[in-house]
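Me: I have a model open and want to go through its local details. Can you take me through it?

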Amino acid sequence: MKKIKKILTLLIAAALLVLMPGANTLTASAEEPVTYYVKYLSDDNQWRFQTGSTWSDTVQHRELYYLYQDIKDGDSVIIEGANPGFILEVSVRLSNVTFLHGSAAVVTAKSIDECYVLRDSVAAVNGDVTNAYVYDNARCTFNNNVGTLQVLNDPARNDTLLRGTVSVGGTVNHLIGKDNDKTHYEFYNFAAGTLSITDGDVKTDAAYYSTSASAGTTQTTNTSQSSASQTSSDEYDDVPKTGESSPVFWLLGVSAVCFAGRYVLKKTA
């Protein structure tokens, strides 16, 4: 009987060590952002993708099915090709979308942090964009809101003329038009659906935008972002994170071990 009690005591002690907070936790690790390079391959007559910021003809490419299956918030997409145009529809936040020279595509996302439309490209973007850059003679339609939009020259070309053609279906907080040497214009607070730029020239009636930043608007935006951040943080703290031990589960585990020990002692008494 004493031998059984001794063995049981050791088993309970070992179980408690396993169940103690911090004794058996897993370290949470967020997945790294992935860059998807999407390219039209004329030999295969279809769009394919690789992961990485450059395309390699010596690396295997995959069907777009796997891109749609794996893409997540924070990932980036690079698009190369125009015949036929590419249509990408995802329900995630993309950190970067780049339309390479001469590409044609329609991209739909929950939102986009940075969007680059390079020379000779034709693009349509659905989803709010934080920062957008349209280079040289590229043409782009943003169907939702844009934070800051810059119409620029291709840095590789010595050209002082702005040639981009842009329309925006939502609001634009800040518009900048500049070449390598100077700023041609800088406007603010475009009303929804009013921003129109043709060959680098702003065609919007001056009644629908401001020539100076609105301090009130900036303050409201900062307050709103701070409030949203605080709310998200508070809500997240109410949920046990991966790798943390919940006291409730720890106590349940101890109770189960004690109950089992009591049962064994009773049977051997």
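Reply: pLDDT is the predictor's confidence in each residue, from 0 to 100, and a contact means heavy atoms within 4.5 Å. This is a predicted model, where local features need pLDDT of at least 70, side-chain atom pairs count only at pLDDT 80 or more, and totals for chains, interfaces and linings use all residues. Residues are numbered from 1 along each chain as its sequence is written, and side-chain values use heavy atoms, without hydrogens and water.

Me: Where does pLDDT stay under 50?
Reply: Over residues 216–268, for which the model has 26 contacts beyond four places in sequence. Where pLDDT is low, the predicted coordinates should not be read in detail. The protein chain averages 79, and 68% of the residues score at least 70.

Me: Asp179 next. Is it buried or exposed?
Reply: Asp179 is buried (under 20% relative accessible area, 1.4 Å probe, protein chains only; exposed is over 50%, partly exposed in between). Asp179 sits in the loop between β11 (172–178) and β12 (183–190); strands are DSSP runs of E, at least two residues, numbered from the N terminus.

Me: What does the side chain of Asp179 reach?
Reply: The backbone nitrogen of Lys182, at 2.7 Å. The Asp179 side chain also has a polar contact with the side chain of His184 at 2.9 Å.

Me: Different topic: which residues does a cis peptide bond join?
Reply: Asn83 and Pro84, with omega about 0 degrees. Pro84 is in the loop between β3 (76–80) and β4 (86–89).

Terms used
Helices (H or I, at least four residues) and strands (E, at least two) are DSSP runs, numbered from the N terminus. Lys and Arg count as positive and Asp and Glu as negative; His and the chain ends are not counted. A salt bridge is a side-chain nitrogen of Lys or Arg within 4 Å of a carboxyl oxygen of Asp or Glu. A polar contact is a pair of N or O atoms within 3.5 Å; within protein, one must be able to donate a hydrogen and the other to accept it, and residues adjacent in sequence count only if both atoms are side-chain atoms.
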